[in-house]
Amino acid sequence: DLIAAGAARAGKDTAEHGQQPGREVPAQVDLNMLPSDGAIHWGNPAAPKVVVFSDFQCGYCQRLAGELAKAGVHVEERPISTFGAKSRALAEAVLCAADQAAALHRAYAGRALPSRKGCKTKGLDGNETFARVNGFSGTPVMVRPSDGAVLQGYRRADEIRRFLGLDQSKGGR
């Protein structure tokens, strides 16, 4: 019982932020290993970019999307299906949408997405392979493109801005 309680406490911080305890996630990853497709870009294209691995059925990911919008950053969202077949179908529908950014926000809002036949989802396969190789067993996971630094779990807008090195003293959000 003591061992089980200790293990539960050890995973508490990541579980509170949306990341499931499991295999150790590296502090840095090489984003050059990601496929060129499989990304959904949204937010402020002139702002610093953050790469986010998410599942559209993840409540913490949905909340994080709101914080990313508040932070005013450029988001490169990389869907992965951590919750199984339904997550995979939803990710495919978003990636196959004519307006991926709008579809992403529809998916987080729980609204239905039309399916498109014949859409290639090789990018989604690449995202999932990258996530698996790097031990991303839960979502969300943010990566800073400048150095590949990893930040797991839900974070508030101010934490995201600090992670990206944005100056908080100049009236930033």
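Me: How many of the six residues of strand 2 are buried?
Reply: This is a predicted model. Strand 2 covers residues 49-54. The rest of the structure largely encloses strand 2, because the number of its six residues that are buried is five.

Me: Which residue in strand 3 does Val50 stand opposite?
Reply: Strand 2 and strand 3 run parallel. Six bridges join these two strands. Opposite Val50, in strand 3, stands Val75.

Me: What is the bridge partner of Trp42 in strand 3?
Reply: Strand 1 spans 40-43, and strand 3 spans residues 74-79. These two strands pair in the antiparallel sense, over four bridges. In strand 3, the partner of Trp42 is Val75.

Me: What is the order of the strands in the open sheet?
Reply: The sheet has five strands. Its pairing is mixed. The order is 1-3-2-4-5.

Me: Which strands stand at the edges of the sheet?
Reply: An edge strand here has a single partner strand, so one side of it is left without a neighbour in the sheet. That holds for 40-43 and for 149-152. The edge strands are strand 1 and strand 5.

Me: What does the twist average from one strand to the next?
Reply: The sheet is an open one of five strands. Going from one strand to the next, the average twist is 25°.

Me: Which residue is the bridge partner of Met142 in strand 5?
Reply: Strand 4 and strand 5 form a hairpin, with four residues between them. The two strands are antiparallel and share four bridges. Met142 has its bridge partner in strand 5, namely Leu151.

Me: Which residue in the turn of the hairpin has a positive phi?
Reply: The turn lies between strand 4 and strand 5. The phi in question is about 75°. The residue is Gly148.

Me: Is Val141 buried or exposed?
Reply: Val141 belongs to strand 4. Its relative accessible area is 0%. Buried means under 20%, so Val141 is buried.

Me: How far apart in space are Val141 and Arg155?
Reply: In sequence, 14 residues separate Val141 and Arg155. In space, C-alpha to C-alpha, the distance is 10.0 Å.

Me: Which residues does the cis peptide bond join?
Reply: Omega of this bond is about 0°. One of its residues, Pro140, is in the loop between helix 6 and strand 4. The bond joins Thr139 and Pro140.

Me: Why is the pair of Phe56 and Tyr108 edge-to-face?
Reply: The ring centres of Phe56 and Tyr108 are 5.2 Å apart. Planes over 60 degrees apart count as edge-to-face. The pair is edge-to-face because its planes stand at 70°.

Me: How many residues apart in sequence are the parts that Phe56 and Tyr108 tie together?
Reply: Phe56 lies in the loop between strand 2 and helix 3. Tyr108 lies in helix 5. Both residues are buried. The parts they tie together are apart in sequence by 52 residues.

Me: Which residues form one aromatic cluster?
Reply: The structure holds five aromatic pairs. One of them is edge-to-face because the rings of Phe130 and Phe136 have planes at 75°, with centres 6.1 Å apart. Both of these residues are buried. The cluster consists of Phe53, Phe130 and Phe136.

Me: Where does the charged end of Arg63 sit?
Reply: The charged end of Arg63 is 4.2 Å from a ring centre. Another arginine, Arg144, lies over the face of Phe163, at 4.7 Å from the ring centre. The charged end of Arg63 sits over the ring of Tyr154.

Me: At what angle do helix 4 and helix 6 pack?
Reply: Helix 4 covers residues 85-96, and helix 6 covers residues 122-133. Their axes are 10 Å apart. Helix 4 is oblique to helix 6, and the crossing is right-handed. The angle is about 130°.

Me: Is Gly118 buried or exposed?
Reply: Gly118 is in the loop between helix 5 and helix 6. Its relative accessibility is 68%. Exposed means over 50%, so Gly118 counts as exposed.

Me: How many helices and strands are there in the protein?
Reply: From the N terminus on, the elements run α-α-β-β-α-β-α-α-α-β-β-α. The protein has seven helices and five strands.

Methods:
Residues numbered from 1 in each chain as written. Predicted model: local features only at pLDDT ≥ 70, side-chain atom pairs only at ≥ 80, totals over all residues. Heavy atoms only, no water. Pairing = 2+ DSSP bridges. Axes fitted to C-alpha atoms, helices over the stretch in contact; angles between N-to-C directions. Phe/Tyr/Trp six-rings, centres within 6.5 Å; stacked < 30°, edge-to-face > 60°. Buried < 20%, exposed > 50% of the residue type's maximum accessible area, 1.4 Å probe, protein only. Lys NZ or Arg CZ within 6 Å of the ring centre and 35° of its normal. Parallel < 35°, antiparallel > 145°, perpendicular 65-115°, else oblique. Left-handed = near helix turned anticlockwise from the far one by under 90°.
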